[in-house]
Amino acid sequence: MSEKKEYKVIGTRPIRHDGVDKVTGRAIYGADFQITGLLHGRVLRSPHAHARIVSIDTSRAEAHPGVKGVVTAEDLPAAEDKMADLGEGAVSLKYLCDNILASDKALYKGHAIAAVAATSPHIAEEACELIDVEYEVLPPVLEVRQAMESDAPILHENLRTSSLGETGDKPSNIASHFQHKKGDIDKGFDEADVIIEREFVTGTVHQGYIEPHNATALYNPDGQLTVWCSTQGAFTVREQLAEILQYPISKIKVVPLEIGGGFGGKINVYVKPVAALLAKKTGKPVKVLMNRADVFEGTGPTPASYITIKMGATNDGKITAAQTSLVFEAGAYPGSPVGAGAMCVFAPYNIENVVIDGYDVVVNKPKTAPYRAPGATNAAFGTETVVDELAEKLNIDPLEIRLMNGAKEGDRRADGPVYPRIGFIETLEAAKEHPHYASPNGKKYHGRGIASGFWFNIGLESSVTINVNPDGTVNLVEGSTDIGGTRASIAMQAAEVLGIPAESVNPTVVDTNSIGYTAVTGGSRTTYATGYAAYEAAQDVVQQMKARAAKLWDVDEDNVQFADGEFSSINGKEEQISFRDLSARLGETGGPVIGRATMNPAGAGGAFATHVVDVEVDVDTGKVEILRYTATQDAGKAIHPSYVEGQIQGGVVQGIGWALNEEYIYNDEGEMTNASFLDYRMPTCLDLPMIDAVIVEVPNPGHPYGVRGVGEVPIVPPPAAIANAIYDAVGIRMTELPMSPDRLLKAMGKI
Amino acid sequence: MKSFEFFEPTTLAEASSLFAQKHAQLLAGGTDLVIGMKAYTETPETVISLQKIPGLDGITTDNDKSISIGAMTKVRQVELSEDIQQYHTALAEGASEIGSIQIRNLATIGGNIAHASPAADTVAGLLVADAQVDIASADGERSVPINELFTGPGQTVLKPGEIITQFRLLHPASGSHYIKHKIREVMDLAFIGVASAVNMQNGVIKEARIGLAAVAPTPIRATEAENLLSGKTPTPELLAQAGEAAAAATSPISDLRCSAEHRKEMVDVLTRRTLQNALDRV
Ligand SMILES: Cc1cc2nc3c(=O)[nH]c(=O)nc-3n(C[C@H](O)[C@H](O)[C@H](O)COP(=O)(O)OP(=O)(O)OC[C@H]3O[C@@H](n4cnc5c(N)ncnc54)[C@H](O)[C@@H]3O)c2cc1C
């Protein structure tokens with residue numbers, strides 16, 4: 001670990017800046033948004049999982065007196081097979097548009113077909129029933145292995161498999177296949193004394209954010225489009241709108257309202273372009289709100305997957321080879337997070353010989369979207385279960401086998417990157433030293449499980465400006481929407497530089513016209529990258545204020561220093577002025593001071609976590625109770641420890657839900673049968689013990705305070721940790737998620 | 001939600017004559033009805049609130065320990081009533097299992113029963129309490145035993161215009177227990193619900209009543225299992241036999257919540273557990 005730095009603000013736990021607004025109900029969310037002349041939009045969705053759209057007749061709906069406009073895919077600019085570039089690689093524009101309003105085919109139940117704007121939400125709902133759609137219903141395919149079969153129903157006639165640089169010659173549901181290779185896999189397995197090979201299946205799960213998607217759009221007669229909405233990234237919405245509507249980016253302003261959760265699910269747009277089309281058609285502002293069923297059926301969940309893992313180790317515990325095939329469902333259009341899964345699958349371990357194959361497969365489900373460390377949880381469920389089994393076969397403690405093989409600085413991951421300083425080993429040591437690990441674990445049907453996880457984290461573009469107020473406070477202007485307390489964690493980094501309390505920084509999240517480009521709040525990047533920009537913008541403020549002090553004192557700028565909130569002169573004259581006093585004198589010394597910084601930092605630094613869980617299995621009912629949960633995680637440097645703990649606890653809870661209950665349940669027609677929070681069961685606080693979040697700090701060399709993103713990796717280990725604990729409790733290896741009572745009773749042979 | 005006409009009558013007579021109209025629905029706490037209206041599974045043209053009619057709520061206990069519960073009594077009151085906790089523990093436990101405190105402060109016991117979900121949480125407790133359901137209409141009053149109220153999922157013997165006024169619990173039990181088999185601790189519906197109640201005499205089971213929810217088209221009593229128990233000294237073997245007999249009496253469905261086999265297996269397990277706990281409470 002590096003030398004201990006003394007911080008005044010970093011590492012403290014101030015009240016978040018948005019807290020009072022949120023607990024007093026003053027914060028404005030999308031559903032709260034009002035504007036004069038507002039119409040209400042409603043989307044008609046496909047009742048079929050797979051159907052050709054023969055015709056759409058909107059005349060009866062249009063004739064309804066309360067209806068002001070109806071739109072279908074015909075209202076979207078013709079999307080030839082052009083590629084759209086949204087910064088994350090090219091995607092087909094047709095696919096992008098078809099997911100907003102289906103043109104030729106409905107590819108999942110809930111697929112948007114048409115939309116109505118009316119004078120009330122109820123009329124809009126009723127008018128949807130007046131739209132006559134003729135479908136030619138086709139057989140659906142819902143599971144990746146079935147979708148890969150040669151006689152499977154084909155979703156896209158024009159889709160050809162792109163595999164290792166070659167393009168297939170006939171229609172297929174396999175959008176792509178890629179491979180990462182390191183070392184000599186055969187040699188690796190030859191060296192192994194024990195080889196374990198297992199298959200895993202995971203279910204489709206949803207992020208389950210509280211607030212449904214929403215958008216209000218207004219077209220001004222001058223062609224200016226404004227969209228108020230809930231999003232993880234206003235600039236991403238602007239880009240997607242520009243592509244989908246084929247509209248100049250400079251004519252679009254996106255105003256992010258408060259956001260009630262996203263977890264990756266509020267990056268892609270759904271109702272935003274629809275609201276824009278309706279606004280254009282009616283000339284009025286139009287608000288479109290989803291309900292919960294719309295959210296489950298019409299927005300991206302994270303994929304189900306079919307995974308095989310084969311790993312070999314020597315008798316003394318060295319893992320010599322690892323091989324996997326990751327088959328992920330993309331949903332209706334290509335683009336699952338299998339690539340990210342492949343980056344993470346063996347990432348915690350330094351293994352010489354590795355082969356990773358990834359497959360992206362389309363099925364008749366909503367197009368998948370990111371969800372907290374997308375792909376990594378699926379992958380880790382496989383790897384961490386097999387590592388547990390290796391440890392058991394070799395009679396090595398499960399933490400020890402991870403310590404023996406754990407990746408360190410300088411090790412190279414199979415997909416290429418070489419690790420900078422990382423803290424995986426430290427998370428294992430923290431778990432080993434935790435009283436939880438030493439506590440007794442021998443009761444009947446009680447079990448303990450261990451699993452680790454990795455997420456690479458990202459940097460990307462962020463912009464921050466800081467306006468200095470005459471009372472010594474500053475207004476911090478940022479483009480990162482605040483989902484998990486980032487107003488606080490970003491403001492604190494500026495406060496530390498400026499030597500002022502966190503409360504003296506007023507952070508504001510602004511629209512796309514009011515700040516430089518800022519990428520999404522996602523990839524665990526915001527406290528890292530936007531925080532870094534805040535740090536740099538604050539440095540810019542200090543630099544400019546030094547010049548003002550020099551002017552006041554008539555000294556050379558180089559002779560002004562700044563420490564602990566005080567400017568002082570270091571040569572000759574004994575002068576001193578506080579940040580606060582100087583901020584009152586900016587007018588007279590040359591005008592306001594605005595600090596600014598934009599950046600795209602490369603050193604995000606990966607995040608590692610190790611979890612220990614105790615469970616009790618009720619062998620009669622199949623229910624699994626979580627008795628105790630400890631999560632250790634390398635945060636690099638915890639800016640606001642409460643929010644780091646909150647991220648860890650939140651991620652663990654979602655991971656537990658994924659492990660034990662959550663899944664999309666489909667009938668044979670391909671209809672989701674549990675599109676509500678009643679039957680899509682996320683755990684509540686009463687289902688869980690307090691989750692002990694242990695912050696490990698191995699500073700990230702790529703950030704001035706050592707920050708690593710913390711938001712995603714905590715969801716990665718829980719399913720494997722719980723599966724390993726269930727094995728410890730009842731001797732059964734669960735290889736299918738969720739590990740619901742029904743499945744567990746079946747696995748135990750009880751039913 | 002479809003638009004509808006709304007009435008707030010202040011007498012039962014007025015309510016039941018309005019209710020006799022076509023496409024009318026009663027509004028008690030609204031926690032089933034309004035959800036259904038939003039989902040378009042309920043599209044009443046007329047909604048009649050019972051909330052302004054005096055005298056339909058409250059819990060009273062007579063000298064002989066028989067208890068009446070007004071139909072408009074909030075399930076939260078049922079849960080917290082000391083008399084119900086003492087003489088009909090299973091019913092208080094069932095009430096305490098509904099949704100969340102916020103829901104229980106709105107939901108009524110009358111709505112829970114009239115909605116006739118096979119999974120309703122107060123139904124097993126009312127079955128083992130041998131409750132009488134008092135019904136009023138413009139034509140007069142009648143009373144049916146709770147186990148004759150239900151005719152199918154969402155269906156009862158209630159005729160248009162008939163309103164449940166109260167539940168009378170005539171047979172206090174010396175020990176009873178309800179288990180809701182669910183996945184989540186709160187905000188979940190019963191995969192199955194089992195209540196057992198026993199009265200003991202000199203170490204022998206004088207009478208046993210077992211109520212089962214969500215294992216058949218209507219909630220049922222496991223009469224064979226009950227008969228097996230009565231007059232016998234409780235032993236683990238006896239409880240196991242009762243569990244099997246109760247499971248045999250069910251005809252559960254497989255649905256997305258649970259497979260039929262799982263439900264049958266759980267009836268066996270939970271009948272044993274609730275009986276044991278009911279005995280422990282005597
Ligand atoms: C979030 C949530 C969670 C829930 N969890 C549970 C749960 O865990 N367990 C459970 O059992 N239920 C649960 N419910 C369902 C519901 O809360 C209960 O069934 C409740 O008791 C219904 O009562 P109510 O007063 O709200 O009925 P209402 O919705 O007002 O009425 C329901 C039906 O009963 C009829 N009705 C009402 N009163 C009478 C009467 N006196 N005479 C004749 N007919 C009448 C109405 O016409 C209507 O058709 C839940 C509901 C929600 C929204």
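Which element gives the largest share of the shell around the ligand? I began with this in the predicted model, and I found that α7(B) holds that place with four residues.

**Ligand shell.** I then listed the 32 residues around the ligand and noted that B:Gly29, B:Gly99, B:Gly111, B:Asn112 and B:Ala114 come nearest. Looking up which elements give two or more residues to this shell, I found, in chain B, β2 (24–27), α2 (33–38), α7 (109–114) and β10 (163–169). When I sorted the shell by class, I counted 19 nonpolar, 10 polar and three charged residues. I also checked the domains of chain B: because domain 1 (5–49) and domain 2 (59–169) both give residues to the shell, the ligand lies between them.

**Domains of chain A.** I entered three domains here, namely domain 1 (19–26 + 461–515 + 524–599), domain 2 (33–138 + 210–261 + 266–298) and domain 3 (305–457 + 605–747). For domain 1 and domain 2 of chain A, I noted that their centres, taken over C-alpha atoms, are separated by 40 Å, and that their contact takes seven residues from domain 1 and 12 residues from domain 2. On the side of domain 1 of chain A that touches domain 2 of chain A, I recorded two nonpolar, four polar and one charged residues.

**Chain A against chain B.** Last, I looked up the contact between the chains, in which 19 residues of chain A meet 19 residues of chain B. On the side of chain A that touches chain B, helix α20 (residues 741–747) of chain A gives the most, with three residues, and by class I noted seven nonpolar, six polar and six charged residues on that side of chain A.

Note on methods:
Residues numbered from 1 in each chain as written. Chains lettered and ligands numbered in written order. Predicted model: local features only at pLDDT ≥ 70, side-chain atom pairs only at ≥ 80, totals over all residues. Near = placed C-beta within 6 Å. Nonpolar A, V, L, I, M, F, W, Y, C, P; charged D, E, K, R; others polar. Domains from an automatic or database assignment. Contact = placed C-beta atoms within 7 Å.
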